[in-house]
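Q: Could you take me through this structure one feature at a time? I would like the general idea first and then the case at hand.

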Amino acid sequence: MSAVTGGGDMKVSEFIENYPQSTELVARIEEIRSEENRRRDLVQAFSSCAACGGALSLAVQTDWIRGLVEESGECQDCSAKTPRRRYGLH
Ligand SMILES: [Zn+2]
């Protein structure tokens with residue numbers, strides 16, 4: 001699993017501090033940042049255990065006949081299972 005660093009946040013706030021931007025631009029940057037954070041949280045929610053935060057081992061099964069991909073995960077620390085997710089292969 002790849003680690004997510006918090007370095008990006010620091011750089012952006014330093015940038016704003018050192019180079020005062022227009023309110024519009026700052027608002028735009030904040031918007032992009034919150035969108036990035038939201039996506040990152042989403043990815044993390046699916047790659048770490050909801051119960052203990054441990055690493056999940058993910059298994060992906062592909063059903064070629066029905067055209068579905070089914071993804072399931074189990075926590076390596078507490079054995080909690082994640083809800084299965086299904087995608088269509090389209
Ligand atoms: Zn766990």
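Q: Is Ser 79 buried or exposed, and how many other C-beta atoms lie within 10 Å?

A: A residue is buried if 20 or more other C-beta atoms lie within 10 Å of its own, exposed if 12 or fewer, and partly exposed in between, with C-beta atoms placed from the backbone. Ser 79 has 11 such neighbours within 10 Å and is therefore exposed. Bear in mind that this is a predicted model, where local features need pLDDT of at least 70 and side-chain atom pairs count only at pLDDT 80 or more, while totals for chains, interfaces and linings use all residues. Residues are numbered from 1 along each chain as its sequence is written.

Q: What is the sign of phi at Ser 79?

A: Most residues other than glycine have a negative phi. Ser 79, not a glycine, nevertheless has a positive phi of about 65°. Its place is the loop between E2 and E3. A glycine case is Gly 67, with a positive phi near 70° in the hairpin of E1 and E2, where four residues separate the strands.

Q: Which helices and strands does the protein have, and in what pattern?

A: Helices (H or I, at least four residues) and strands (E, at least two) are DSSP runs, numbered from the N terminus. Here there are two helices and three strands, following α-α-β-β-β along the sequence.

Q: How do the strands pair?

A: Two strands pair if DSSP finds at least two bridges between them. The three strands make an open, antiparallel sheet in the order E1-E2-E3. Strand E1 (56-63) and strand E3 (85-88) are the edges, each pairing on one side only. Between E1 and strand E2 (residues 68-75) there are eight bridges. Thr 62 has Val 69 in E2 as its bridge partner, and Leu 56 stands opposite Cys 75 in E2.

Q: How much of the protein counts as buried?

A: By the cut-off above, 3% of the 90 residues count as buried. For contacts, two residues qualify if their C-beta atoms, placed from the backbone, lie within 7 Å. Of the contacts with a separation of 6 or more, 25% join residues 24 or more positions apart.

Q: Which elements have the lowest and highest mean pLDDT?

A: pLDDT is the predictor's confidence in each residue, from 0 to 100. Where it is low, the predicted coordinates should not be read in detail. The protein averages 80, and 84% of the residues score at least 70. Among its elements, helix H1 (residues 7-18) has the lowest mean, 70, and E2 the highest, 88.
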